[in-house]
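Please load the coordinates in your viewer, show the chain as a cartoon, and keep a selection box open. The tour below proceeds one selection at a time, saying at each stop what is to be found there.

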Amino acid sequence: MAGSSHGHTPAAWTGVTIAFIGFCVAGAFMVMAEPLGFWAGMVIVVLGGVVGAVMSAMGLGMPKDAHPVHRVTATREPAGAEG
């Protein structure tokens, strides 16, 4: 996956950063035994996913047709077919 630039977009970075902050908030409040703060952190995690999806819909994500998995570049026969 690293060679395909998977997730290297502003939408992905922003969504993951917001979700990471949410996990940190939820973890801190879980240690402090504060359920309301924990659930607030979980809301932030979900917000990260929503922000990432909205940014991707706005064109800040990777287009589906640009992803290497969706491109057909093989023009040779399989190695076993040579003879």
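Begin by selecting A28, which is partly exposed because its relative accessible area is 37%. This model is a predicted one, and every value quoted on the tour is computed from it. A28 has its place in helix α1, and if you add F38 to the selection you will find that the two C-alpha atoms, although 10 residues apart along the chain, are separated by 7.7 Å.

Before going further, colour the whole chain by secondary structure. How many helices and how many strands are there in the chain? There are 2 helices and 0 strands, with α1 covering residues 10–31 and α2 covering residues 35–60. Of the 83 residues of the chain, 18% count as buried, and among contacts between residues at least 6 apart in sequence, 58% join residues at least 24 apart. If you switch on a surface, the chain exposes about 6,300 Å², of which carbon and sulfur atoms supply 72%.

Next, select A33, in the loop between α1 and α2. Most residues other than glycine have a negative phi. A33, by contrast, has a positive phi of about 60 degrees although it is not a glycine. A33 counts as exposed, because its relative accessibility is 60% and the cut-off for exposed is over 50%.

Move on to F38 and W39, shown as sticks, which bring you to aromatic rings. The structure holds 1 aromatic pair. The ring centres of F38 and W39 lie 4.9 Å apart with their planes at 75 degrees, so the pair is edge-to-face, given that planes over 60 degrees apart are classed in that way. W39 has a relative accessibility of 56% and therefore counts as exposed.

Now select G41, which is found in helix α2. Is G41 buried or exposed? With a relative accessibility of 0%, G41 counts as buried. Not counting residues up to four places away in sequence, G41 touches G22, V25 and A26; of these, V25 is 16 residues from G41 in sequence and 5.0 Å from it in space, C-alpha to C-alpha.

Widen the selection to the buried residues of α2, namely G37, G41, V45, G48, G52 and M55. In an α-helix there are 3.6 residues a turn, so residues three or four places apart point the same way. What covers these buried residues of α2 includes α1. To check the length of the helix, place a distance monitor between the end C-alpha atoms of α2: they are 35 Å apart, which agrees with the 38 Å that its 26 residues should span at 1.5 Å a residue.

Staying with α2, select V54, whose place is in this helix. V54 counts as partly exposed because its relative accessibility is 44%. Extend the selection to V46, L47, V50, M58 and L60, and together with V54 these residues make a nonpolar surface patch of about 550 Å².

Finish at T9, in the segment before α1. Which residues is T9 in contact with, leaving aside its neighbours within four places in sequence? They are L60, G61 and M62, and of these L60 is also one of the residues that make the nonpolar patch. T9 counts as buried because its relative accessibility is 12%, where the limit for buried is under 20%.

Conventions:
Residues numbered from 1 in each chain as written. Predicted model: local features only at pLDDT ≥ 70, side-chain atom pairs only at ≥ 80, totals over all residues. Heavy atoms only, no water. Phe/Tyr/Trp six-rings, centres within 6.5 Å; stacked < 30°, edge-to-face > 60°. Buried < 20%, exposed > 50% of the residue type's maximum accessible area, 1.4 Å probe, protein only. Patch = residues over 30% accessible without salt bridge, like charges linked within 9 Å, V, L, I, M, F, W, Y side chains within 5 Å. Areas by Shrake-Rupley, 256 points an atom, 1.4 Å probe, with all protein chains shown as cover. Salt bridge = Lys/Arg side-chain N within 4 Å of Asp/Glu carboxyl O. Helix = DSSP H or I, 4+ residues; strand = E, 2+ residues; numbered from the N terminus. Contact = heavy atoms within 4.5 Å. Expected span 1.5 Å × (residues − 1).
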